[in-house]
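Work through the exercises below with the structure open beside you. Try each task before you read its solution.

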Amino acid sequence: MASYDFSTDILFEILSRADLKTMKKCRVLSKECKDLTYESNFMRLHSQRTSTMVGYLVQSSRLFGQLTSDLVSGLDPKPTQDLLNFLPQPVWIVATVNGGLVLCTPGKHRDDPFYICKPTTQQWEVVPSPNPRFWTAKISMLVLGSNPLWFKIVRLSDSRDDTIDLELDLDSEYSNEEDNFNVFSNEKSWHCEIFDSKSWEWRQSDDLKLTHNDYFECNQDVSACGGLHWLMFNDKQDKYTKYTMLSFDGEKEEWAMTSLPDSLRGNDHCDQIAPVSREGKLGLIHLRQETMMLDVWILNYEKIWIKKHTINLKSLHEKVPLPHSRIHSFYGADTLFMVDVGSVSFYNFRTRKLNRIRVGRWIKSAYFIQTDSEPVKLKPEI
């Protein structure tokens, strides 16, 4: 059988015209194909040639507290406004996943339902609300299959929520000694509920057992390698702050904790540490404020952190002062996406080109999305 040695230019032309599903499948053909499809120039051209949506759903507030969900892509200096206005009511975005699906909720009451939707086709379905006894602490979603579509939603709730008055702050003291059931123990339980699209219902899973010294960092979770991942830290009074990565395996429905690289122990609290998805893998960024150097780590299949790059961001700091604009994620292999109070930025650290886009008065969240316009069956026939 004949073999063909395509040049990078030929691969670029072929893959940039392939539909989104085919292009993603081609990533496993070779490292060259994979690297090419994560370049920001390729992503922009592929989006133009195939009418694929790629960018970030940015949720922000405008005058009078109006909530809006806009698409920013770097292709257009102006965001595409109110992308989710086809839904029955204004919503908060809580997750986006591979395939361009968006999970959102009105978020006004604990018994509010969720919506799962695909913005490019304006399809949506109602996901029933989980147990209304609990307040949602963390919620996210991951896709485990595309044909047919199979996804799961994972919800964590503070175990104290079912024993205290709803109006009380979670840090307040409880008058009922029986409510303070864990006061003499360092163990802290989180209620875990899982929504499975195959059955289209929620079910209670085993509680997640952590300690009272474990806290979730103020970062969005990352969906990568068939799992969900949260950055956590332990504030136990010792010499160092201990960072860990909490991971949920979507198929096995098991929790695991992975320590971060030793070099991140005892770091300056002004530094930025955040989980990221890096070319489909779970990654970690560490911005050293003193030097403006960004370390990029990747977790390999042996669960070992490998430092892949160190990026000099001094020229960026001259244009956009850090940490006023925080690094959110990688838009592509060569481009960082950053979020400020009312604007977002795309920064190509190879060309040092910065593209800043004004979005709203106050940005609440931003979620990466890449999707085609093919209809999808969101809810199975049960």
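The exercises go from the whole chain to its sheets, a helix, its salt bridges and one residue in the last segment. Keep in mind that this is a predicted model.

**Exercise 1. The chain as a whole**

Task: Find how many helices and strands the chain has, and what share of its residues is buried.

Solution:
- Step 1. Count the elements. There are five helices and 24 strands.
- Step 2. Take burial. The chain has 382 residues, and 50% of them are buried.
- Step 3. Turn to the surface. The accessible surface is about 19900 Å², with 49% belonging to carbon and sulfur atoms.
- Step 4. Look at contacts between residues with a separation of 6 or more. Of these, 48% join residues 24 or more positions apart.

**Exercise 2. The sheet with strands 7 to 10**

Task: Work out the strand order of this open sheet, and say which strands stand at its edges.

Solution:
- Step 1. Read the order. The four strands run 7-8-9-10, and their pairing is antiparallel.
- Step 2. Find the edges. Strand 7 (136-146) and strand 10 each have a single partner strand, so one side of each lacks a neighbour in the sheet.
- Step 3. Add the twist. From one strand to the next it averages 20°.
- Step 4. Zoom in on one pair. Strand 8 (residues 149-158) and strand 9 (residues 187-196) are antiparallel and joined by seven bridges.
- Step 5. Locate a residue pair. Asp158 is opposite Trp190 in strand 9.

**Exercise 3. The sheet with strands 16 to 19**

Task: Do the same for this open sheet. What is its strand order, and which are its edge strands?

Solution:
- Step 1. The order of the four strands is 16-17-18-19, with antiparallel pairing.
- Step 2. Strand 16 (272-278) and strand 19 (305-312) are the edge strands, and each pairs on one side only.
- Step 3. The twist averages 25° from one strand to the next.
- Step 4. Strand 16 pairs with strand 17 (residues 281-288) in the antiparallel sense, over seven bridges.
- Step 5. Arg278 has Lys281, in strand 17, as its bridge partner.

**Exercise 4. The buried face of helix 4**

Task: Explain why the buried residues of helix 4 line one face.

Solution:
- Step 1. List them. Within helix 4 (residues 40-50), the buried residues are Ser40, Phe42, Met43, His46 and Ser47.
- Step 2. Look down the helix axis. The buried residues fall within an arc of 155°, so they line one face of helix 4.
- Step 3. Move just past the helix. Ser51 has a positive phi of about 55° there.

**Exercise 5. Salt bridges**

Task: Determine how many salt bridges the whole structure holds. Then place the partners of selected ones.

Solution:
- Step 1. Take the total. The search of the whole structure gives 15 salt bridges.
- Step 2. Start with Lys118 and Asp372. Their closest N and O atoms are 2.8 Å apart. Lys118 is in strand 5 (residues 114-118) and Asp372 is in the segment after strand 24, so the pair ties together parts 254 residues apart in sequence.
- Step 3. Check the burial of this pair. The cut-off for buried is under 20% relative accessible area. Lys118, at 3%, is therefore buried. Asp372, at 14%, is buried as well.
- Step 4. Go on to Glu253 and Arg203. The closest N and O atoms of this salt bridge are 2.3 Å apart. Glu253 lies in the loop between strand 14 (242-249) and strand 15 (254-259), and Arg203 lies in strand 10 (residues 201-211), so the pair ties together parts that are 50 residues apart in sequence. Arg203 is partly exposed at 35%.
- Step 5. Compare Arg288 and Asp295. They form a salt bridge with 2.9 Å between the closest N and O atoms. Arg288 is partly exposed at 28% relative accessible area, whereas Asp295 is buried at 4%.
- Step 6. Finish with a network. Salt bridges link Glu13, Arg17 and Arg49.

**Exercise 6. Pro380**

Task: Is Pro380 buried or partly exposed, and which residues does Pro380 contact beyond its neighbours within four places in sequence?

Solution:
- Step 1. Place the residue. Pro380 sits in the segment after strand 24 (362-371).
- Step 2. Judge exposure. Its relative accessibility is 30%, so Pro380 counts as partly exposed.
- Step 3. List the contacts. Leaving aside neighbours within four places in sequence, Pro380 is in contact with Ser197, Lys198 and Trp200.
- Step 4. Set sequence against space for one of these. Pro380 and Ser197 are 183 residues apart in sequence, yet their C-alpha atoms are 7.4 Å apart.

Methods:
Residues numbered from 1 in each chain as written. Predicted model: local features only at pLDDT ≥ 70, side-chain atom pairs only at ≥ 80, totals over all residues. Heavy atoms only, no water. Helix = DSSP H or I, 4+ residues; strand = E, 2+ residues; numbered from the N terminus. Buried < 20%, exposed > 50% of the residue type's maximum accessible area, 1.4 Å probe, protein only. Contact = heavy atoms within 4.5 Å. Pairing = 2+ DSSP bridges. Axes fitted to C-alpha atoms, helices over the stretch in contact; angles between N-to-C directions. Arc of directions from axis to C-beta. Areas by Shrake-Rupley, 256 points an atom, 1.4 Å probe, with all protein chains shown as cover. Salt bridge = Lys/Arg side-chain N within 4 Å of Asp/Glu carboxyl O.
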